[in-house]
Amino acid sequence: VDWTSAFCDEKGNVNEDFSGSKWLVGFTGVEEGTKITINIHYQSQEIMKKMLEMGFEEGLKMGLNQLEEILDNH
């Protein structure tokens with residue numbers, strides 16, 4: 001699965017002040033269940049650093065934990 005992520009306002013208009021990122025997500029069956037591989041590509045290292053400063057890592061971890069909870073309950 002691949003897509004481009006971007007910041008937008010409440011009407012869905014992309015904020016051009018922040019560069020988007022390209023995501024590539026893969027799912028692979030393994031003995032224990034499913035392995036998820038996420039590759040995120042930024043236009044520059046500076047943009048990536050800015051995203052990390054804005055809390056990207058914590059937000060991603062929170063989302064993955066929520067996904068794990070949902071999958072555990074089904």
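Visitor: Is Val30 buried, partly exposed or exposed, and which relative accessibility supports that?
Guide: In this predicted model, Val30 belongs to strand 2, which covers residues 21-30. Because partly exposed is the class between under 20% for buried and over 50% for exposed, the class of Val30 follows from its relative accessibility, which is 33%.

Visitor: How far apart in space are Val30 and Gln43, C-alpha to C-alpha?
Guide: Val30 is placed in strand 2, and 13 residues in sequence separate Val30 from Gln43. From C-alpha to C-alpha, the distance between Val30 and Gln43 in space is 32 Å.

Visitor: Is Val1 buried or exposed?
Guide: Val1 sits in the segment before strand 1, the strand that spans residues 2-5. Its relative accessible area is 60%, and since the class above partly exposed begins at over 50%, Val1 counts as exposed.

Visitor: Which element gives the largest share of the nonpolar patch?
Guide: The nonpolar surface patch, of about 730 Å², is made by Val1, Trp3, Phe27, Ile36, Ile38, Leu64, Leu67 and Leu71. Strand 3 and helix 2 each supply at least two of the residues in this patch. The largest share amounts to three residues, and the element that provides them is helix 2.

Visitor: Which element gives the most to the lining of the largest pocket?
Guide: The largest pocket, with a volume of about 180 Å³, is lined by Ile36, Ile38, Leu64, Leu67, Glu68 and Leu71. At least two lining residues come from each of strand 3, residues 33-41, and helix 2, residues 56-72. With four residues in the lining, the element that gives the most is helix 2.

Visitor: How many residues of the lining of the largest pocket are nonpolar, and how many are charged?
Guide: Among the lining residues are Ile36, Leu64 and Glu68; because Ile and Leu count as nonpolar and Glu as charged, both classes are represented. No polar residue is found in the lining, and the division is five nonpolar and one charged.

Visitor: Where do Lys61 and Glu57 lie, and how far apart are the closest N and O atoms of their salt bridge?
Guide: A search of the whole structure finds one salt bridge, and Lys61 forms a salt bridge with Glu57. Both residues lie in helix 2, four residues apart, which is about one turn of the helix. Lys61 is partly exposed at 49% relative accessibility, and Glu57 is likewise partly exposed, at 40%. The cut-off for a salt bridge is within 4 Å, and the closest N and O atoms here are 3.4 Å apart.

Definitions and conventions
Residues are numbered from 1 along each chain as its sequence is written. This is a predicted model: local features need pLDDT of at least 70, side-chain atom pairs count only at pLDDT 80 or more; totals for chains, interfaces and linings use all residues. Side-chain values use heavy atoms; hydrogens and water are left out. On a 1 Å grid over the protein atoms alone, a cavity is a set of points where a 1.4 Å probe fits but cannot get out, and a pocket is an open set with protein on both sides within 12 Å along at least five of seven lines; lining residues have an atom within 4 Å of a point. Grid points are joined across faces, edges and corners, and a volume is the space filled by probe spheres set on the points. Patches are made of residues with over 30% relative accessible area and no salt bridge: like charges are joined within 9 Å, nonpolar side chains (Val, Leu, Ile, Met, Phe, Trp, Tyr) within 5 Å. Accessible areas come from the Shrake-Rupley method with a 1.4 Å probe; for residues, only the protein chains shown count as cover. A salt bridge is a side-chain nitrogen of Lys or Arg within 4 Å of a carboxyl oxygen of Asp or Glu. Buried means under 20% relative accessible area, exposed over 50%, partly exposed in between (1.4 Å probe, protein chains only).
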